[in-house]
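Thanks for making time this morning; I would like to walk you through one structure, taking the salt bridges before the sheet and the core. Please have the sequence and the model open as I speak.

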Amino acid sequence: MQKIRKGDTVVVLAGKDKGRSGEVIQMMPKDNKALVRGVNMVKRHQRQTASAEAGIINKEAPIHLSNLAVADPKDGKATRIGIKVLEDGTKVRVAKRSGEEING
C-alpha cells in the first residue's frame, strides 16, 4: 500500500519550496517521485504546436518522495502515515499525528 497517492495534499519538507503544500497530480513509483501542483516550478522552452503557443512556460518538476509528507487532515501540518487493518480486513491509511483516517 502506497503511503502517498494521487490526490493527497502534501507538505514539502526540504528544498526551495520547503513549507509549501499542494495536491499530488501524478505519482512516479519507479522513480520514487511525484508531481505536486504549484510546487517545484521550472521554466521550460516549448516549441509551437497546433494546440500550444511557442515560448517559455512554467510547469511542475518531479520532487522526490523523501522530501514530501502527507498533510494531517485535522490541522494541515506534516504527518507520518500508518496503516490500520479494519475488522472486515480492509486496510486504511492513518495519520500518526492525530490518529485520523486519510480518505482515498
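Let me begin with Asp-75, which is partly exposed, with a relative accessible area of 41%. Before going further I should say that this is a predicted model, so please hear every value as computed from it.

The side chain of Asp-75 meets that of Arg-97 in a salt bridge, at 3.1 Å from N to O, and this pair links distant parts of the chain, with Arg-97 in the loop between β10 and β11 and Asp-75 in the loop between β7 and β8, 22 residues apart. Arg-97 is itself partly exposed, with a relative accessible area of 45%.

How many salt bridges does a search of the whole structure find? There are four, and I will describe two others besides the one just mentioned.

Arg-93 forms a salt bridge with Asp-8, where the closest N and O atoms are 2.7 Å apart. This pair, too, links distant parts of the chain, since Arg-93 lies in strand β10 and Asp-8 in the segment before β1, 85 residues apart. Are these partners buried or exposed? Arg-93 counts as buried, because its relative accessibility is 2% and buried means under 20%; Asp-8 is likewise buried, with a relative accessible area of 6%.

In another salt bridge, Arg-20 pairs with Asp-17, the closest N and O atoms being 3.2 Å apart. Here Asp-17 is buried at 10% relative accessible area, whereas Arg-20 is partly exposed at 41%.

Turning to the sheet, strand β10, which carries Arg-93, belongs to an open sheet of three strands in the order β9-β10-β11, with antiparallel pairing. The edge strands are β9, residues 81-85, and β11, residues 101-102, each of which pairs on one side only. Between β10, residues 91-95, and β11 the antiparallel pairing runs over two bridges, and the bridge partner of Val-94 in β11 is Glu-101.

Finally, the largest nonpolar core has 14 residues, and those with the most contacts inside it include Ile-4, Val-10, Val-24 and Ile-63. Strands β1, β2, β3 and β7 each supply at least two residues of this core. If you would like one residue to look at, take Ile-63, which, leaving aside residues up to four places away in sequence, touches Val-12, Asn-32, Lys-33, Ala-34, Val-36, Val-39, Asn-40 and Leu-68.

Notes
Residues numbered from 1 in each chain as written. Predicted model: local features only at pLDDT ≥ 70, side-chain atom pairs only at ≥ 80, totals over all residues. Heavy atoms only, no water. Core = buried A, V, L, I, M, F, W, Y, C linked by side-chain atoms within 4.5 Å. Buried < 20%, exposed > 50% of the residue type's maximum accessible area, 1.4 Å probe, protein only. Helix = DSSP H or I, 4+ residues; strand = E, 2+ residues; numbered from the N terminus. Contact = heavy atoms within 4.5 Å. Pairing = 2+ DSSP bridges.
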